[in-house]
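Grab a pencil and try these exercises before you peek at the solutions. Everything you need is in the chain shown here.

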Amino acid sequence: MYKLLILILFFSHHSMANMKIAPLRVITAEANTTQKFLVSNTGKKPIRVRISPSFIASPMAKYQTRHSSISQKMEDLTPFLRVSPPVISKLMPNERKIVRLRIADLPTNYEKGEYRTHLKFTQEVIKKSKFH
C-alpha cells in the first residue's frame, strides 16, 4: 500500500489572509481516490484562486529516511494528481467552493512507502475593470 500525504500551501499576493482551506492535510493509503477540499473567502472582496500540485523539496530532506534509494525526481508526485477546478474564477465574500483532488495509481516501479506532495493555493483580488 502506498501512503500519500498532501500538505496545503497558501500563497497570496500582498499578504492577504482572507481565505480558509479545509482540511489542511490529507493522508490516504489508496490511489485512484478523490479527496475534497473546501475553499472559503473570508474577506470583503471577491477573489480568484488558482490551485496546482506543486513539488517542494523538504529543507530537512537530508534527515529523512523514508526512501534511501529514491531520487528527488521520483518523490515528485504532481504528475499523478489532478485538481478540479484548477481555477476558481470568482469567489465572493463568505462564499465556499469545493475543490476535488484526484489521486491516480503510481507506476509499479515505485517503492511501497510514504510519498508527499503539496497543493499550492494562489489568491488574487479581482480588480474592477475600467470598462464597466
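The exercises below go from the whole chain down to single residues. This is a predicted model, where local features need pLDDT of at least 70, side-chain atom pairs count only at pLDDT 80 or more, and totals for chains, interfaces and linings use all residues. Residues are numbered from 1 along each chain as its sequence is written, and side-chain values use heavy atoms, with hydrogens and water left out.

**Exercise 1. Take stock of the fold.**
Task: list the helices and strands of the protein chain in sequence order.

Solution. Start with the count: the protein chain has 1 helix and 9 strands. Helices (H or I, at least four residues) and strands (E, at least two) are DSSP runs, numbered from the N terminus. Next, walk along the sequence, and you get β-β-β-β-β-α-β-β-β-β. Then check how far the contacts reach, with contact meaning heavy atoms within 4.5 Å. Of the contacts between residues at least 6 apart in sequence, 76% join residues at least 24 apart.

**Exercise 2. Put the sheet together.**
Task: work out in which order the 4 strands of the open sheet sit.

Solution. Two strands pair if DSSP finds at least two bridges between them. Begin with E2 and E4, an antiparallel pair with 4 bridges. Within that pair, Lys-20 faces Ser-40 of E4, and Ile-21 faces Val-39 of E4. Move on to E4 and E8, also antiparallel, over 8 bridges; here Ser-40 is opposite Arg-96 of E8. Put it all in a row and the order reads E2-E4-E8-E6, with antiparallel pairing. E2 and E6 are the edge strands, each pairing on one side only. From one strand to the next, the twist averages 25 degrees (axes are lines fitted to C-alpha atoms, for helices over the stretch in contact, and angles run from 0 to 180 degrees between N-to-C directions).

**Exercise 3. Find the core.**
Task: pick out the residues with the most contacts inside the largest nonpolar core.

Solution. First, the ground rules: buried means under 20% relative accessible area, exposed over 50%, partly exposed in between (1.4 Å probe, protein chains only). A nonpolar core is a set of buried Ala, Val, Leu, Ile, Met, Phe, Trp, Tyr and Cys residues joined through side-chain atoms within 4.5 Å. By that count, 33% of the 132 residues are buried. The largest core has 17 residues, and Val-39, Val-49 and Phe-121 have the most contacts inside it. Several strands chip in with at least two residues each, among them E4 (33–41), E5 (47–54) and E9 (114–125). A second, separate core of 5 residues includes Phe-80, Leu-106, Tyr-110 and Tyr-115. Now zoom in on Val-49: beyond its neighbours within four places in sequence, its contacts include Met-19, Val-39, Ile-88 and Phe-121.

**Exercise 4. Two polar residues.**
Task: decide whether Asn-41 is buried or exposed, and say what its side chain reaches.

Solution. Locate Asn-41 in strand E4. Its relative accessible area is 1%, so Asn-41 counts as buried. The side chain of Asn-41 reaches the backbone oxygen of Lys-45 at 2.9 Å. Leaving out neighbours within four places in sequence, Asn-41 also touches residues including Asn-18, Leu-91 and Glu-95.

For comparison, try Thr-28 in strand E3 (residues 25–28). Thr-28 is buried too, because its relative accessibility is 8%. Thr-28 and Glu-114 lie 86 residues apart in sequence, with 9.8 Å from C-alpha to C-alpha.

Terms used:
A polar contact is a pair of N or O atoms within 3.5 Å; within protein, one must be able to donate a hydrogen and the other to accept it, and residues adjacent in sequence count only if both atoms are side-chain atoms.
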